[in-house]
Amino acid sequence: MNQQDLFRALPSIDQVLKDDRTTPLLTDYGRESVALELKEQLGLLRRQIKENSQTTTRQQLTDRLFTATSDALADRFQPSLKQVHNLTGVILHTNLGRAPYPQNAIDAMVAVSRGASNLEFDLRTGKRGRRDAHVEQWICHLTGAEAATTVNNNAAAVLLVLNTLAEKKQVIVSRGELIEIGGSFRIPAIMKKASCKLREVGTTNRTHLSDYEAAIGKKTAALMKVHTSNYEINGFSHSVSASQLATLAESSQLPLIDDLGSGSLVDLTRFGLPPERTAAEAIAEGVDIITFSGDKLLGGPQCGIIAGRADLIKRIDRNPIKRAMRLDKVTLAALEAVLKLYTRPEQLQQQVPTLAMLSRQPDEIKITAERLATLMRPLMPASLELSVQPCESQIGSGALPTKTLPSFAVTIRPTVDQSDPARINRVEALAAAFRKLPVPIIGRIHDAAMWLDCRALTDPDHFRQILPSLKDALTRRL
Ligand SMILES: *Cc1c(COP(=O)(O)O)cnc(C)c1O
């Protein structure tokens, strides 16, 4: 057929819409989306005919149009937010959603999201209740605090606490603790947004109790300590302990706020991890208000936990901003479930996936890596070389920043000459192919190879289902 005939042979949108094969598409995506996509695909077909008119029939054209439309719709309607395999070696990866949830938290979320719940309803009295009541007693039990409340994340917790306790007043912070966390959380900026005035004391490496003492004045509303989550100051350095600051705060009748960052509810050394000050320790040292994240070392849902003196928590709860930061029922259900796990620390390692991953032994990870390598090796084209190698995992999210954990990775390396500049592009193409899988695999690129750190991979057999698409991706791309 010549080009003119081909154009004439193209079916109309109405004809395709009436085709039986379109019925399932109409059911899945609705008439409007199908018609829009058909229009788009007809345009593409016209362009293809113009550029390259091959011999074809009306039937073939209709088939092509139908397949292209169906594929495009499936692609467009697949979930945007979806599961991935985190083999980056960074366990609490903020971009990959931080902590995976314990099973009891997932069950609690499903149960509470299906219908109505007693979110703000006291089943005993039949009157209105507090949504934070579902978690408060557990937080108090685990931290020794008198009262507690929750918000959307730790950044919100810090903002809310500062705004409540120190609006239009000064908050004293050491220059060694003026942190920036990724994603523009900076203590000086948060102070400003909370309408507080930051009063910096000491120097970057050394701050003394006398620096805080000298700064206290009429306008001072609080003393604050901030966990230096993503860095350490070593060498000639000095900082003031929370208990020393607590004594000073008490004698000056000022609250002491401590942003614990990740925070932990248990002594992490029991899992072979480096020590991290626990929330209970901070409260015992005399801190008046602590704040910490739910989805860092705690291993639960994204939220910010505020705990401490009952009179201060009451003021924080009454701040109208709290309403804009409160947790939803699904998150509260997950948090309650996770907190309960912490009442039995001996089971934590099995039940909280974050702690399970962080405490996995290298020889066990090596076995996983070797099993994954065995599954993947038969899929490798000759242009790729696969091996199992030692590597270092990171905890991530600013928790225990200078500590890495020995681990093992499956590495995939293009078998080209190491001096070939194109080899980097090949590794990039490989990483892109892994990202395109139905359940994307996210690794890291290092030393002209793709590294799949197996610390977070508990069962390589999960990969069995994606092996066919993996084979497809590897051979098509490289
Ligand atoms: C991570 C962190 C925050 C922010 O917590 P999010 O839960 O991410 O909002 C605040 N302060 C410190 C010290 C942190 O480490």
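1. Helices are taken as DSSP runs of at least four residues, numbered from the N terminus. On that basis residues 3–9 make up helix α1, in which Arg8 and Asp5 lie three residues apart and are therefore separated by about one helical turn. The model under discussion is a predicted one.

2. Across that turn, the side chains of Arg8 and Asp5 form a salt bridge, with an N to O distance of 3.3 Å. The two partners differ in accessibility class: Arg8 is exposed because its relative accessibility is 59%, whereas Asp5, at 30%, is partly exposed.

3. The structure holds 26 salt bridges. One of them joins the side chains of Arg21 and Asp19, at 3.5 Å from N to O. Arg21 is partly exposed, with 34% relative accessibility; Asp19 is likewise partly exposed, at 23%.

4. A further salt bridge connects Arg130 with Glu136, at 2.7 Å from N to O. Burial under this scheme requires a relative accessible area under 20%. Glu136 has 17% and so counts as buried, while Arg130, at 37%, is partly exposed. The pair also belongs to a network of salt bridges that links Arg130, Asp132, Glu136, Asp317 and Lys322.

5. Strand β7 merits separate comment. Seven of its seven residues are buried, so β7 is largely enclosed by the rest of the structure. Strand β3 (residues 170–174) runs parallel to β7 and is joined to it by three bridges; within this pairing, Gln170 has Thr220 of β7 as its bridge partner.

6. Strand β7 also pairs with strand β8 (residues 256–261), again in parallel, through four bridges. Here Lys225 stands opposite Asp258 of β8.

7. The loop between α10 (209–215) and β7 (220–226) contains Lys219. Lys219 counts as exposed because its relative accessibility is 58%, in contrast to the buried residues of β7. Together with Lys192, Lys193, Lys197 and Lys218, Lys219 forms a positive surface patch. Membership of such a patch requires over 30% relative accessible area and no salt bridge, a condition that sets these lysines apart from the salt-bridged residues Arg130 and Glu136.

How values were computed
Residues are numbered from 1 along each chain as its sequence is written. This is a predicted model: local features need pLDDT of at least 70, side-chain atom pairs count only at pLDDT 80 or more; totals for chains, interfaces and linings use all residues. Side-chain values use heavy atoms; hydrogens and water are left out. Patches are made of residues with over 30% relative accessible area and no salt bridge: like charges are joined within 9 Å, nonpolar side chains (Val, Leu, Ile, Met, Phe, Trp, Tyr) within 5 Å. Accessible areas come from the Shrake-Rupley method with a 1.4 Å probe; for residues, only the protein chains shown count as cover. A salt bridge is a side-chain nitrogen of Lys or Arg within 4 Å of a carboxyl oxygen of Asp or Glu. Lys and Arg count as positive and Asp and Glu as negative; His and the chain ends are not counted. The place of a charge is taken as NZ of Lys, CZ of Arg, CG of Asp or CD of Glu. Helices (H or I, at least four residues) and strands (E, at least two) are DSSP runs, numbered from the N terminus. Buried means under 20% relative accessible area, exposed over 50%, partly exposed in between (1.4 Å probe, protein chains only). Two strands pair if DSSP finds at least two bridges between them.
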